Amino acid sequence: MMLLPSIWILHRCHQLSIHPKYLIGKLPSRDRWLSLCGIAIAICLFTWGIDLLFFYSLSLISPSLTVSLVNWLQDPPASTSALPVLAYLLNVISLVVVAPVTEEFIFRGILIHRWAMKWGISPAILVSAIIFGLGHIVPFGAAVFGILMTLLYFKTRSLIVPAIAHAINNAATIVLELFFPSEQITINYNFSEYLHWGLVLTIVTVPFMIRFVYKNWYKQQLALPYFANVSHRSNRVC
């Protein structure tokens with residue numbers, strides 16, 4: 001769904017002489033990937049914990065609505081298709097490849113730079129995260145995920161890293177849905193497991209997330225990733 005907006009944005013970047021390669025950046029060095037994978041996994045676990053707590057809280061208010069949302073998230077759209085396997089594969093590709101690439105390019109690439117130049121770094125991070133969150137079933141969890149992806153982008157100056165982290169998050173969610181279907185929980189309206197796992201994941205990861213945000217919240221005097229990448233390229237050429 002976001003592929004067409006991305007194509008239009010690429011066209012506008014060309015018109016405005018904005019080079020996507022400086023937005024995207026380069027892959028970090030190999031010795032950094034182990035720590036970056038650890039950060040990505042911790043972010044995924046933290047946001048999953050938030051999502052589970054959200055569904056448990058919602059189940060206290062409206063169990064039937066919670067069941068509908070969980071089933072809608074876990075029920076593959078291929079079930080109504082004449083080619084269920086193909087439809088399921090296309091859905092997986094959309095979630096694991098298309099969505100991470102396009103969403104990171106739009107929200108963490110284009111919008112962050114555009115709004116940071118108008119309003120400043122912190123407002124840009126928060127507004128883009130809120131809009132990103134509103135496009136998902138669990139707005140608060142998605143907004144937190146958006147903030148953490150932005151900080152990961154600022155830390156590495158490479159959109160490739162948050163795109164991979166985003167893809168890992170979506171792929172792991174699909175795998176968990178295959179091995180841990182929600183039928184028994186939702187049939188009995190028993191969401192106690194959501195509370196237990198949500199608390200465990202959140203409590204275990206929240207100290208790490210606080211430290212990550214504290215160390216990496218972007219400082220106003222530092223250059224945005226695009227301009228830092230341009231400067232790095234210019235200095236290297238000189």
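I started at arginine 157, which sits in the loop between α7 and α8 (160-179). The model is predicted: local features need pLDDT of at least 70, side-chain atom pairs count only at pLDDT 80 or more, and totals for chains, interfaces and linings use all residues. I count residues from 1 along each chain as its sequence is written, and side-chain values use heavy atoms, with hydrogens and water left out. Helices (H or I, at least four residues) and strands (E, at least two) are DSSP runs, numbered from the N terminus.

I looked up the backbone of arginine 157. Its phi is near 55°, a positive value in a residue other than glycine. Most residues other than glycine have a negative phi. Arginine 157 comes just after α7. I then checked its exposure. Arginine 157 is partly exposed, at a relative accessible area of 31%. The cut-offs are: buried under 20% relative accessible area, exposed over 50%, partly exposed in between (1.4 Å probe, protein chains only).

**Helix α7**

I went back one element, to α7 (residues 139-156). Does its length fit its residue count, or what span should its 18 residues have? At 1.5 Å a residue they should span 26 Å, and the end C-alpha atoms are 26 Å apart, which agrees. The expected span is 1.5 Å times one less than the number of residues. Of the 18 residues of α7, 15 are buried, so the helix is largely enclosed by the rest of the structure.

I picked leucine 152 in α7. Leucine 152 counts as buried, at 0% relative accessibility. Leaving aside neighbours within four places in sequence, leucine 152 is in contact (heavy atoms within 4.5 Å) with Leu36, Ile39, Val161, Pro162, Ala165 and Phe212. Its C-alpha is 8.6 Å from that of alanine 40, and the two are 112 residues apart in sequence.

Next I tried leucine 151. Its C-alpha is separated by 9.5 Å from that of lysine 215, 64 residues away along the chain. Lysine 215 lies in helix α10 (residues 192-216). Lysine 215 is exposed, with a relative accessible area of 51%.

**Threonine 66**

I found threonine 66 in helix α4 (residues 63-74). Is threonine 66 buried or exposed? It is buried, with a relative accessible area of 0%. Leaving aside neighbours within four places, threonine 66 touches Phe55, Leu58, Ser59 and Phe191.

**α5 against α6**

I looked at α5 (residues 84-119) and α6 (residues 121-134), which pack at about 140° with axes 8 Å apart. Axes are lines fitted to C-alpha atoms, for helices over the stretch in contact, and angles run from 0 to 180 degrees between N-to-C directions. From α5, the residues in the contact include Phe107, Trp115 and Trp119; from α6, they include Ile125, Ile131 and Phe132. The contact residues divide into 12 nonpolar, one polar and two charged. Ala, Val, Leu, Ile, Met, Phe, Trp, Tyr, Cys and Pro count as nonpolar, Asp, Glu, Lys and Arg as charged, and the others, Gly among them, as polar.

**Whole chain**

I noted 11 helices and zero strands. Of the 238 residues, 40% count as buried. Among contacts in the chain with a separation of 6 or more, 79% join residues 24 or more positions apart.

Last, I checked confidence. The average pLDDT (the predictor's confidence in each residue, from 0 to 100) is 82, and 78% of the residues score at least 70. Over residues 76-80 the pLDDT is below 50, and this stretch has five contacts in the model beyond near neighbours in sequence. Where pLDDT is low, the predicted coordinates should not be read in detail.
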